[in-house]
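Student: I would like to learn how to read a structural model feature by feature. Could you take me through one?

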Amino acid sequence: MDELFERYIGPQFIEEPHNHKLWERVDRIPDLELWRIHQIRKERLIFFARKRLIRQLQRRGAGFAEIKGAEEVLSSHALTIGFARRFATYKRANLLLRDPDRLRRIILDSERPVQIIFAGKAHPADTEGKEIIRRIVHVASDPAIRNNFVFIEDYDMNVARYMVQGVDVWLSNPRRPLEASGTSGMKAAANGAITVSTLDGWWDEAYKPEIGWAIGSGETDANQEEQDRIESEALYNLMEHELIPLYYDLDRTEIPRAWIAMMKRSMKELGQVFNTHRMVMEYTDNYYIPAHLAHTAMDADKHKRARELAAWHGKIADRWQQVSLTCADDGGSEREIRAGQALPVRAKVNLNGLAPHDVAVEIYFGPLDPNGEITEGRTLRLEHRGESDGASIFEGSIPGVVSGRMGYSLRIRAHHPDLVHRKTPLWLTWE
Ligand SMILES: *Cc1c(COP(=O)(O)O)cnc(C)c1O
């Protein structure tokens, strides 16, 4: 794959994997060449899986026939689905096994066979994870399907490398919203595997119908059992109605053109965003450099600004308890405004001796959901207008851009330009 990239994308790809223009050149790779390379890598995965399976069977004391049979499991012509990860329970390695009869029908189709390669490892203390592995190993030893269903033990970087390079489909089905990221899918995508996943972690951000498949549409059911049932059915349906027909839609030269087109779109669109260069550059620009500059500025002149900030912290800590604010309008009742108009808001603040510039007074507002909770909340800073009856007055207005029920609330927070975090939990008071 590296050679293909070098030839069609160019040698600068190695230095600039975040360069969008370079990724567009994936389109220059001829379908036949990409498919040939993909097939070679799939065969490598199959050889690797057989070798590991034989070793596992020997270790388990399996019979001669079973070990001999392991030399011929899997086929380079079958649609190959990979699932590899730590078997933390929320990743639901067993979702695909919920309806064993349906799964068997899918993978044993003589015209359009499917094979599944699992790899995983459970934390030694994770009994449930280990139970899932036992279940998968049990299914994989069923003589009826063991040619199309393999479990590779001791998942590690080496196993992962063969897997992400050799499969057609990378399956992830974590239970929302527990997946932080799901980096293995990014590795698979860069290698040409197409992602099938619940809309969680990275896939919730990255998914588009033209680059892969989503299981469900991002709903979260309080009843886990019910959600597992619905999502496993959605997965079987996806396989039967979309993945398998697309993969086996071959042209005269026995090439799945539409599949390859999706592979290219997936590589191109995901590769240019989900790569480590882009990530490190964003960390550098947004965090490391500002942090470094802030440090230099605070440190200058015998730590002048650091001392000032420390003094300010002391002042806020002394006075914040008595800082309070009230809404000067008839809050609580509903008012009607027309779209395009603005709703003026006025806050009366007791600053308890702090200066107006020591605080930020803000409106938090947004459309209300049926429970009266603010959704898609935005904040807007109010301006200091002067003093009245011993209180400081802050004013602003909520733009009425969308129609429907809106809600708002007021808050005050301690504000200093040198604060690292805008919000300090104890120095934020809601009306
Ligand atoms: C990529 C990788 C992971 C992390 O994968 P997730 O999808 O983020 O869970 C774990 N183990 C190995 C060996 C990997 O290569």
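Tutor: We will go through the domains, the nonpolar cores, the ligand site and one loop residue, keeping in mind that this is a predicted model.

Student: Where do the domain boundaries fall along the chain?

Tutor: The assignment divides the chain into domain 1, covering 2-279, and domain 2, covering 319-430, and the C-alpha centres of domain 1 and domain 2 are 49 Å apart.

Student: Which residues have the most contacts inside the largest nonpolar core?

Tutor: A nonpolar core is a set of buried residues of certain kinds, joined through side-chain atoms within 4.5 Å. In this model the largest such core has 56 residues, and Phe87 and Phe149 are those with the most contacts inside it. Helix H10, residues 224-247, gives the most to this core, with seven residues. A second, separate core has 26 residues, among them Val323, Cys327, Ile363 and Phe365. Returning to phenylalanine 149, its contacts, leaving aside residues up to four places away in sequence, include Leu97, Leu103, Ile107 and Phe118.

Student: How should I read the ligand site, and which residues surround the ligand?

Tutor: It helps to begin with the shell and then turn to individual atom pairs. The ligand is surrounded by Lys91, Tyr155, Asp156, Met157, Ala160, Gly182, Thr183, Ser184 and Lys187. Helix H7 (157-166) and helix H8 (183-190) each supply at least two residues of this shell, with H8 giving the most, three residues. As for the atom pairs, an oxygen atom of the ligand lies 2.7 Å from an N or O atom in the side chain of lysine 91, while for the side chain of lysine 187 the corresponding distance from a ligand oxygen atom to an N or O atom is 2.5 Å. A polar backbone atom of threonine 183 is 2.8 Å from an oxygen atom of the ligand.

Student: How much of the ligand's accessible area does the protein cover?

Tutor: The protein covers 80% of the 390 Å² of accessible area that the ligand has on its own.

Student: Finally, is glutamine 272 buried or exposed?

Tutor: A residue counts as buried when its relative accessible area is under 20%. Glutamine 272 has 9% relative accessibility, and therefore counts as buried. Glutamine 272 lies in the loop between helix H11 (257-271) and helix H12 (276-319).

Student: What polar contact does the side chain of glutamine 272 make with another side chain?

Tutor: The partner is the side chain of histidine 20, at 2.9 Å. In addition, a polar atom of the glutamine 272 side chain lies 3.0 Å from the backbone oxygen of lysine 268. Not counting residues up to four places away in sequence, glutamine 272 touches Pro17, His18, His20, Trp23, Glu24 and Met267.

Conventions:
Residues numbered from 1 in each chain as written. Predicted model: local features only at pLDDT ≥ 70, side-chain atom pairs only at ≥ 80, totals over all residues. Heavy atoms only, no water. Helix = DSSP H or I, 4+ residues; strand = E, 2+ residues; numbered from the N terminus. Buried < 20%, exposed > 50% of the residue type's maximum accessible area, 1.4 Å probe, protein only. Polar contact = N/O pair within 3.5 Å; in protein donor to acceptor, adjacent residues only side chain to side chain. Contact = heavy atoms within 4.5 Å. Domains from an automatic or database assignment. Near = heavy atom within 4 Å. Areas by Shrake-Rupley, 256 points an atom, 1.4 Å probe, with all protein chains shown as cover.
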